[in-house]
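Trainee: Please take me closely through one part of this model, the aromatic side chains. Add the backbone and the packing around them, and the overall fold as background.

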Amino acid sequence: MLSENGKGMQVREMLETQKGNMMYIGDLYIGTPPQRLRAIFDTGSANPWIASNKVTTVEHSFDTKASSTYVEPAEKQWVNIHFGSGEIKGYFANDTVRLGDPNDPDHQLEIPNWKFGLSTIGTAFPNIADAIIGMAYPNFAEPGVTPFFEALRQSGKLNKEVHSWFLSDNPDEPSEIMMGGWNEEKFDIAKLEWHPVVNKLFWAMKLDDVKIGGVSTGICTREGANCTIAPDSGTSMLTMPKKHLTEFNKQYGKNVPCSDEDFLGLPEITYVINGVEYSLPAQKW
(Lines give C-alpha, C1' and ligand atoms only; values in the text may rest on other atoms or scores of the structure.)
Protein backbone atom coordinates (compact mmCIF):
# COMPACT_ATOMS: atom_id res chain seq x y z
CA MET A 1 0.00 0.00 0.00
CA LEU A 2 1.17 3.58 -0.72
CA SER A 3 1.45 6.23 1.96
CA GLU A 4 -1.19 8.93 2.04
CA ASN A 5 1.07 11.97 2.02
CA GLY A 6 3.07 11.03 -1.08
CA LYS A 7 6.43 11.64 0.62
CA GLY A 8 7.34 7.99 0.76
CA MET A 9 6.03 4.48 0.75
CA GLN A 10 4.49 2.08 3.20
CA VAL A 11 4.58 -1.50 2.00
CA ARG A 12 2.69 -4.18 3.87
CA GLU A 13 3.60 -7.84 3.60
CA MET A 14 1.16 -10.41 4.92
CA LEU A 15 2.79 -13.05 7.10
CA GLU A 16 1.77 -16.68 7.15
CA THR A 17 1.57 -18.20 10.62
CA GLN A 18 3.41 -21.50 10.93
CA LYS A 19 3.97 -24.16 13.58
CA GLY A 20 1.21 -23.09 15.93
CA ASN A 21 2.04 -19.35 16.05
CA MET A 22 5.74 -20.08 16.59
CA MET A 23 6.94 -18.75 13.24
CA TYR A 24 5.81 -16.06 10.78
CA ILE A 25 6.78 -16.27 7.11
CA GLY A 26 6.46 -13.64 4.35
CA ASP A 27 7.36 -13.27 0.67
CA LEU A 28 10.52 -11.63 -0.64
CA TYR A 29 11.65 -11.39 -4.26
CA ILE A 30 15.21 -11.42 -5.52
CA GLY A 31 16.82 -11.20 -8.93
CA THR A 32 15.67 -10.20 -12.42
CA PRO A 33 13.13 -11.47 -13.21
CA PRO A 34 12.03 -11.69 -9.56
CA GLN A 35 12.27 -15.09 -7.86
CA ARG A 36 9.89 -15.61 -4.94
CA LEU A 37 11.32 -16.72 -1.61
CA ARG A 38 9.64 -17.50 1.70
CA ALA A 39 11.44 -15.39 4.32
CA ILE A 40 11.75 -15.06 8.08
CA PHE A 41 12.23 -11.36 8.89
CA ASP A 42 14.52 -11.58 11.91
CA THR A 43 15.10 -8.63 14.26
CA GLY A 44 17.51 -10.81 16.24
CA SER A 45 20.15 -10.96 13.49
CA ALA A 46 21.56 -8.52 10.93
CA ASN A 47 22.87 -10.49 7.96
CA PRO A 48 20.51 -11.49 5.13
CA TRP A 49 20.79 -15.15 4.16
CA ILE A 50 19.20 -16.68 1.08
CA ALA A 51 19.37 -20.37 0.22
CA SER A 52 21.23 -21.27 -2.96
CA ASN A 53 20.32 -24.32 -4.99
CA LYS A 54 22.95 -26.23 -3.01
CA VAL A 55 20.62 -26.14 0.01
CA THR A 56 18.26 -29.07 -0.53
CA THR A 57 16.00 -28.65 2.50
CA VAL A 58 14.14 -25.55 1.24
CA GLU A 59 11.23 -25.25 -1.18
CA HIS A 60 12.40 -22.26 -3.24
CA SER A 61 16.16 -21.82 -3.56
CA PHE A 62 17.68 -18.89 -5.46
CA ASP A 63 18.89 -19.73 -8.96
CA THR A 64 21.68 -17.21 -9.55
CA LYS A 65 22.05 -18.21 -13.21
CA ALA A 66 18.45 -17.19 -13.90
CA SER A 67 18.98 -13.61 -12.73
CA SER A 68 20.39 -11.00 -15.13
CA THR A 69 21.24 -8.63 -12.25
CA TYR A 70 23.12 -11.14 -10.07
CA VAL A 71 26.75 -10.19 -9.36
CA GLU A 72 29.12 -12.93 -8.27
CA PRO A 73 31.96 -11.59 -6.09
CA ALA A 74 35.46 -11.59 -7.53
CA GLU A 75 36.70 -12.87 -4.19
CA LYS A 76 34.31 -14.79 -1.96
CA GLN A 77 33.92 -13.62 1.64
CA TRP A 78 33.03 -16.88 3.38
CA VAL A 79 31.13 -16.79 6.66
CA ASN A 80 29.95 -19.53 8.99
CA ILE A 81 27.19 -18.56 11.47
CA HIS A 82 25.37 -20.63 14.07
CA PHE A 83 21.74 -19.92 14.91
CA GLY A 84 19.67 -21.59 17.60
CA SER A 85 18.13 -23.72 14.85
CA GLY A 86 21.34 -24.76 13.09
CA GLU A 87 24.19 -23.60 10.88
CA ILE A 88 24.50 -21.36 7.85
CA LYS A 89 27.61 -21.21 5.69
CA GLY A 90 28.04 -19.15 2.57
CA TYR A 91 29.46 -16.04 0.95
CA PHE A 92 28.21 -12.58 0.01
CA ALA A 93 26.97 -11.60 -3.44
CA ASN A 94 24.81 -8.83 -4.91
CA ASP A 95 21.43 -8.62 -6.63
CA THR A 96 18.17 -6.66 -6.66
CA VAL A 97 15.70 -7.42 -3.85
CA ARG A 98 12.02 -6.44 -3.68
CA LEU A 99 9.29 -6.38 -1.07
CA GLY A 100 5.67 -6.00 -2.13
CA ASP A 101 3.94 -6.67 -5.43
CA PRO A 102 6.66 -7.97 -7.81
CA ASN A 103 4.63 -6.93 -10.86
CA ASP A 104 3.79 -3.38 -9.78
CA PRO A 105 6.68 -0.94 -9.16
CA ASP A 106 4.26 1.51 -7.51
CA HIS A 107 3.52 -1.04 -4.79
CA GLN A 108 6.96 -2.44 -4.07
CA LEU A 109 10.16 -1.41 -2.36
CA GLU A 110 13.25 -2.22 -4.41
CA ILE A 111 16.90 -2.25 -3.40
CA PRO A 112 19.25 -2.63 -6.39
CA ASN A 113 22.67 -4.25 -6.06
CA TRP A 114 21.98 -5.35 -2.48
CA LYS A 115 24.66 -7.37 -0.72
CA PHE A 116 23.31 -10.57 0.81
CA GLY A 117 24.56 -13.91 2.04
CA LEU A 118 24.20 -16.78 -0.43
CA SER A 119 24.02 -19.92 1.66
CA THR A 120 25.64 -23.13 0.45
CA ILE A 121 24.98 -24.98 3.72
CA GLY A 122 21.76 -24.13 5.52
CA THR A 123 20.67 -26.42 8.32
CA ALA A 124 19.30 -23.32 10.10
CA PHE A 125 16.61 -22.88 7.44
CA PRO A 126 13.34 -24.49 8.52
CA ASN A 127 11.74 -26.49 5.72
CA ILE A 128 9.07 -23.80 5.39
CA ALA A 129 11.48 -20.88 4.77
CA ASP A 130 14.07 -20.15 2.09
CA ALA A 131 15.62 -17.01 3.58
CA ILE A 132 16.47 -15.45 6.93
CA ILE A 133 16.47 -11.67 6.55
CA GLY A 134 18.32 -9.92 9.37
CA MET A 135 16.66 -6.71 10.57
CA ALA A 136 19.03 -5.66 13.36
CA TYR A 137 21.49 -2.76 13.29
CA PRO A 138 24.44 -2.45 10.84
CA ASN A 139 26.94 -2.74 13.71
CA PHE A 140 25.79 -6.33 14.15
CA ALA A 141 26.26 -7.26 10.48
CA GLU A 142 29.33 -8.57 8.69
CA PRO A 143 31.63 -5.85 7.29
CA GLY A 144 30.21 -4.31 4.12
CA VAL A 145 26.71 -5.78 4.64
CA THR A 146 23.73 -3.44 5.04
CA PRO A 147 20.77 -5.07 6.84
CA PHE A 148 17.45 -5.05 5.00
CA PHE A 149 15.65 -2.32 6.94
CA GLU A 150 18.75 -0.11 7.05
CA ALA A 151 19.04 -0.42 3.25
CA LEU A 152 15.40 0.62 2.90
CA ARG A 153 15.98 3.53 5.29
CA GLN A 154 19.03 4.71 3.34
CA SER A 155 17.09 4.54 0.08
CA GLY A 156 14.86 7.42 1.19
CA LYS A 157 11.79 5.58 -0.09
CA LEU A 158 10.07 5.05 3.26
CA ASN A 159 7.28 7.27 4.50
CA LYS A 160 8.58 6.84 8.07
CA GLU A 161 11.80 5.24 9.26
CA VAL A 162 9.78 2.56 11.01
CA HIS A 163 8.99 -1.12 10.63
CA SER A 164 5.97 -2.48 12.46
CA TRP A 165 4.64 -5.94 13.23
CA PHE A 166 1.19 -7.31 13.89
CA LEU A 167 1.45 -10.94 14.96
CA SER A 168 -1.94 -12.57 15.31
CA ASP A 169 -2.88 -15.83 17.02
CA ASN A 170 -6.33 -15.66 15.45
CA PRO A 171 -6.51 -17.84 12.30
CA ASP A 172 -9.15 -15.49 10.87
CA GLU A 173 -6.95 -12.40 11.29
CA PRO A 174 -3.70 -12.52 9.30
CA SER A 175 -0.38 -11.29 10.62
CA GLU A 176 1.62 -8.64 8.80
CA ILE A 177 4.81 -6.62 8.68
CA MET A 178 4.89 -3.07 7.34
CA MET A 179 7.93 -1.10 6.20
CA GLY A 180 7.59 2.66 6.45
CA GLY A 181 4.81 2.96 9.03
CA TRP A 182 2.08 1.04 10.78
CA ASN A 183 -1.42 -0.12 9.94
CA GLU A 184 -3.82 2.16 11.80
CA GLU A 185 -6.49 -0.53 11.57
CA LYS A 186 -4.30 -2.73 13.79
CA PHE A 187 -2.77 -0.17 16.15
CA ASP A 188 -4.36 2.55 18.27
CA ILE A 189 -1.84 5.36 17.91
CA ALA A 190 -2.94 6.91 21.21
CA LYS A 191 -1.97 3.72 23.03
CA LEU A 192 1.43 3.13 21.39
CA GLU A 193 4.38 3.21 23.77
CA TRP A 194 7.75 4.38 22.45
CA HIS A 195 10.95 3.18 24.14
CA PRO A 196 14.50 4.35 23.38
CA VAL A 197 16.94 1.82 21.94
CA VAL A 198 19.89 1.57 24.34
CA ASN A 199 22.08 -0.90 22.43
CA LYS A 200 22.23 -0.46 18.68
CA LEU A 201 23.15 -4.02 17.85
CA PHE A 202 19.75 -5.54 18.54
CA TRP A 203 16.66 -3.42 19.16
CA ALA A 204 17.52 -3.51 22.89
CA MET A 205 15.59 -1.49 25.49
CA LYS A 206 16.12 -0.89 29.19
CA LEU A 207 14.49 -3.61 31.30
CA ASP A 208 13.52 -2.39 34.76
CA ASP A 209 12.16 -5.60 36.21
CA VAL A 210 10.91 -9.13 35.54
CA LYS A 211 7.94 -10.26 37.61
CA ILE A 212 6.30 -13.63 38.12
CA GLY A 213 2.72 -13.46 39.30
CA GLY A 214 3.20 -9.76 39.99
CA VAL A 215 6.20 -10.35 42.28
CA SER A 216 9.66 -9.11 41.29
CA THR A 217 12.30 -11.75 40.60
CA GLY A 218 14.94 -9.27 41.75
CA ILE A 219 17.12 -10.03 38.73
CA CYS A 220 17.00 -6.47 37.39
CA THR A 221 16.33 -4.52 40.58
CA ARG A 222 19.40 -5.51 42.61
CA GLU A 223 22.32 -3.14 42.96
CA GLY A 224 24.55 -3.02 39.89
CA ALA A 225 22.02 -4.70 37.58
CA ASN A 226 21.91 -3.37 34.04
CA CYS A 227 19.21 -5.35 32.26
CA THR A 228 18.14 -4.92 28.66
CA ILE A 229 15.50 -6.68 26.58
CA ALA A 230 15.31 -7.16 22.81
CA PRO A 231 12.24 -8.29 20.85
CA ASP A 232 13.35 -11.05 18.48
CA SER A 233 10.99 -11.83 15.62
CA GLY A 234 13.12 -14.80 14.54
CA THR A 235 12.27 -17.01 17.51
CA SER A 236 9.34 -17.92 19.71
CA MET A 237 11.58 -18.50 22.74
CA LEU A 238 12.03 -16.25 25.75
CA THR A 239 15.71 -16.33 26.69
CA MET A 240 17.94 -14.90 29.41
CA PRO A 241 21.61 -15.15 30.41
CA LYS A 242 22.59 -18.56 31.76
CA LYS A 243 23.38 -17.33 35.28
CA HIS A 244 19.96 -15.71 35.55
CA LEU A 245 18.24 -18.75 34.07
CA THR A 246 19.90 -20.96 36.68
CA GLU A 247 18.69 -18.63 39.41
CA PHE A 248 15.22 -18.49 37.84
CA ASN A 249 14.97 -22.29 37.70
CA LYS A 250 15.99 -22.67 41.34
CA GLN A 251 13.30 -20.25 42.40
CA TYR A 252 10.43 -21.27 40.12
CA GLY A 253 11.30 -24.79 38.99
CA LYS A 254 13.01 -26.01 35.85
CA ASN A 255 10.05 -28.07 34.64
CA VAL A 256 6.37 -27.25 34.92
CA PRO A 257 3.25 -29.16 33.79
CA CYS A 258 1.93 -27.93 30.48
CA SER A 259 -1.55 -29.37 30.01
CA ASP A 260 -4.43 -26.99 29.26
CA GLU A 261 -5.69 -27.38 32.83
CA ASP A 262 -2.27 -26.69 34.32
CA PHE A 263 -1.92 -23.44 32.36
CA LEU A 264 -4.80 -21.97 34.35
CA GLY A 265 -2.83 -22.28 37.57
CA LEU A 266 0.47 -20.85 36.33
CA PRO A 267 1.31 -17.17 36.89
CA GLU A 268 1.86 -14.37 34.38
CA ILE A 269 5.35 -13.20 33.52
CA THR A 270 5.68 -9.42 33.33
CA TYR A 271 8.44 -7.40 31.70
CA VAL A 272 8.75 -3.81 32.95
CA ILE A 273 10.28 -1.61 30.22
CA ASN A 274 10.90 2.04 31.13
CA GLY A 275 8.16 1.81 33.72
CA VAL A 276 5.58 0.21 31.39
CA GLU A 277 4.40 -3.29 32.30
CA TYR A 278 3.91 -5.94 29.58
CA SER A 279 2.32 -9.12 30.95
CA LEU A 280 2.15 -12.52 29.29
CA PRO A 281 -0.28 -15.20 30.46
CA ALA A 282 1.17 -18.66 31.06
CA GLN A 283 0.02 -20.07 27.71
CA LYS A 284 2.18 -17.45 25.97
CA TRP A 285 5.40 -18.34 27.76
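Mentor: Helices and strands are DSSP runs numbered from the N terminus: H or I over at least four residues for a helix, E over at least two for a strand. This is a predicted model, in which local features need pLDDT of at least 70 and side-chain atom pairs count only at pLDDT 80 or more, while totals for chains, interfaces and linings use all residues. Residues are numbered from 1 along each chain as its sequence is written, and side-chain values use heavy atoms, with hydrogens and water left out.

The background first. The protein chain contains three helices and 16 strands. Its radius of gyration is 20 Å, close to the 19 Å of the globule rule for 285 residues, so the protein chain is as compact as a globular protein of that length (the radius is taken over C-alpha atoms, and the rule is 2.2 Å times the number of residues to the power 0.38). The C-alpha trace of the protein chain spans about 60 × 45 × 40 Å along its principal axes. Of the 285 residues in the protein chain, 44% are buried (buried means under 20% relative accessible area, exposed over 50%, partly exposed in between, with a 1.4 Å probe and protein chains only). Among contacts in the protein chain with a separation of 6 or more, 62% join residues 24 or more positions apart (a contact means heavy atoms within 4.5 Å).

Now the rings. The structure holds 12 aromatic pairs (rings of Phe, Tyr and Trp, the last by its six-membered ring, pair if their centres lie within 6.5 Å; planes under 30 degrees apart are stacked, over 60 edge-to-face, the rest tilted). One of them joins W78 and Y91, edge-to-face at 5.1 Å centre to centre with 65° between the planes. W78 belongs to strand β5 (residues 78–83) and Y91 to strand β6 (residues 86–100), so this pair ties together parts that are 13 residues apart in sequence. W78 is partly exposed at a relative accessible area of 47%, whereas Y91 is buried at 7%.

F166 and F187 have ring centres 6.4 Å apart and planes at 90°, so this pair is edge-to-face. F166 sits in strand β9 (residues 163–166) and F187 in the loop between β10 (175–179) and β11 (199–200), so the pair ties together parts that are 21 residues apart in sequence. Here F166 is buried, with a relative accessible area of 16%, and F187 counts as partly exposed at 22%.

Ring pairs also link F41, F62, Y70, W114, F116 and F148 into a cluster.

F148 leads on to helix α1 (residues 148–155), where F148, F149, E150, A151 and L152 are buried. A151 has a relative accessibility of 10%. Leaving aside neighbours within four places in sequence, A151 is in contact with I111, W114 and T146; W114 is thus one of the cluster residues and a contact of A151. By contrast with those contacts, the C-alpha atoms of A151 and I128, 23 residues apart along the chain, are separated by 26 Å. Just after α1, G156 takes a positive phi of about 75°.

Y91 can be followed outwards too. P73, in the loop between β4 (48–51) and β5, is in contact with Y91, F92 and A93 once neighbours within four places in sequence are left aside. The C-alpha atoms of P73 and P48 are separated by 16 Å, with their positions 25 residues apart along the chain.

Last, some backbone details. N113 is found in strand β7 (residues 108–122) and has a positive phi of about 50°, although it is not a glycine. N274, also not a glycine, has a positive phi of about 50°. The place of N274 is the loop between β15 (269–273) and β16 (276–280), where N274 is partly exposed with a relative accessible area of 32%. The peptide bond from T32 to P33 is cis, with omega near -5°, and P33 lies in the loop between β2 (23–30) and β3 (35–42).
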